[in-house]
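Biologist: I'd like a close look at a single part of this model, explained the way you would to someone in their first year. Could you walk me through it slowly?

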Amino acid sequence: MKTIDNSEDQDFQDFFSEMKAKDSTIVVPQFPRIRKSKSWGLIPIGIAASLALLAWFYRGDGSIQPLDHDVIIITLEEGQNDELQFKIESTTELESWESPTSSLLTDF
């Protein structure tokens, strides 16, 4: 069973009534209103500008310029005294092709 102690209850009520009185004297400042960001309105403009730039740079000119059909072959050869030399050849066609990573398969 609960025992009722009026003096303790009265102490609690006095304590909290004092706290309420102190809280009522405190001035609470108003929070500033949050302004809506206008950057959301700029997103569609940025997308439209990007699409316009893509259309400008990737438009079809229609005129195709003929390319030079010469093939330049650059090879690196080991010379005397373990020195490396570049060998540059120019031909009109490519007779053979070697993968630049083929040495990785044969060396190891």
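In what sense do strand β1 and strand β2 pair, and over how many bridges?

Modeller: Happy to. Keep in mind that this is a predicted model, so everything here is computed from the predicted atoms. Strand β1 covers residues 71-78 and strand β2 covers residues 84-91. The two pair in the antiparallel sense, over 8 bridges.

To see where they sit, step back for a moment. The protein chain has 3 helices and 2 strands, and from the N terminus on the order is α-α-β-β-α.

Now follow the hairpin itself. Between β1 and β2 there are 5 residues. At the turn end, Glu 78 has Leu 84 in β2 as its bridge partner. In the hairpin, have a look at Asn 81, which takes a positive phi near 55 degrees.

Next, find Ser 90, which lies in strand β2. Ser 90 and Val 71 are 19 residues apart in sequence, yet their C-alpha atoms are 5.7 Å apart in space. If you leave aside the neighbours within four places in sequence, Ser 90 is in contact with Asp 70 and Val 71. Is Ser 90 buried or exposed? It counts as exposed, at 54% relative accessibility, because the cut-off for exposed is over 50%.

The side chains add something too. Side chains of opposite charge can pair when their charged atoms come close. A search of the whole structure turns up 2 salt bridges. In one of them, the side chains of Lys 87 and Glu 77 meet, at 3.9 Å from N to O. Lys 87 lies in strand β2 and Glu 77 in strand β1, so this pair ties together parts that are 10 residues apart in sequence. Lys 87 also forms a salt bridge with Glu 89, and here the closest N and O atoms are 3.5 Å apart. Since they share partners, the salt bridges join Glu 77, Lys 87 and Glu 89 into one network.

How open are these three to the surroundings? Lys 87 is partly exposed at 36% relative accessibility, Glu 77 is partly exposed at 40%, and Glu 89 is partly exposed at 32%. Those values fall between the 20% and 50% cut-offs, which is why the label is "partly exposed".

It helps to set the hairpin against the rest of the chain. Of the 108 residues, 2% count as buried. Among contacts between residues at least 6 apart in sequence, 0% join residues at least 24 apart. The accessible surface comes to about 11700 Å², and 60% of that belongs to carbon and sulfur atoms.

For a view away from the hairpin, try helix α2, which spans residues 39-57 and includes Trp 40. Trp 40 counts as exposed, at 65% relative accessibility. Trp 40 is also one of the residues making a nonpolar surface patch of about 1100 Å², and others in the patch include Ile 43, Leu 54 and Phe 57.

One last stop is the aromatic rings, where the count comes to 1 pair. The rings of Phe 15 and Phe 16 have their centres 5.2 Å apart and their planes at 75 degrees, so the pair is edge-to-face. Phe 15 is partly exposed with a relative accessible area of 45%, and Phe 16 is partly exposed with 47%.

Notes. Residues numbered from 1 in each chain as written. Predicted model: local features only at pLDDT ≥ 70, side-chain atom pairs only at ≥ 80, totals over all residues. Heavy atoms only, no water. Phe/Tyr/Trp six-rings, centres within 6.5 Å; stacked < 30°, edge-to-face > 60°. Buried < 20%, exposed > 50% of the residue type's maximum accessible area, 1.4 Å probe, protein only. Helix = DSSP H or I, 4+ residues; strand = E, 2+ residues; numbered from the N terminus. Contact = heavy atoms within 4.5 Å. Areas by Shrake-Rupley, 256 points an atom, 1.4 Å probe, with all protein chains shown as cover. Pairing = 2+ DSSP bridges. Patch = residues over 30% accessible without salt bridge, like charges linked within 9 Å, V, L, I, M, F, W, Y side chains within 5 Å. Salt bridge = Lys/Arg side-chain N within 4 Å of Asp/Glu carboxyl O.
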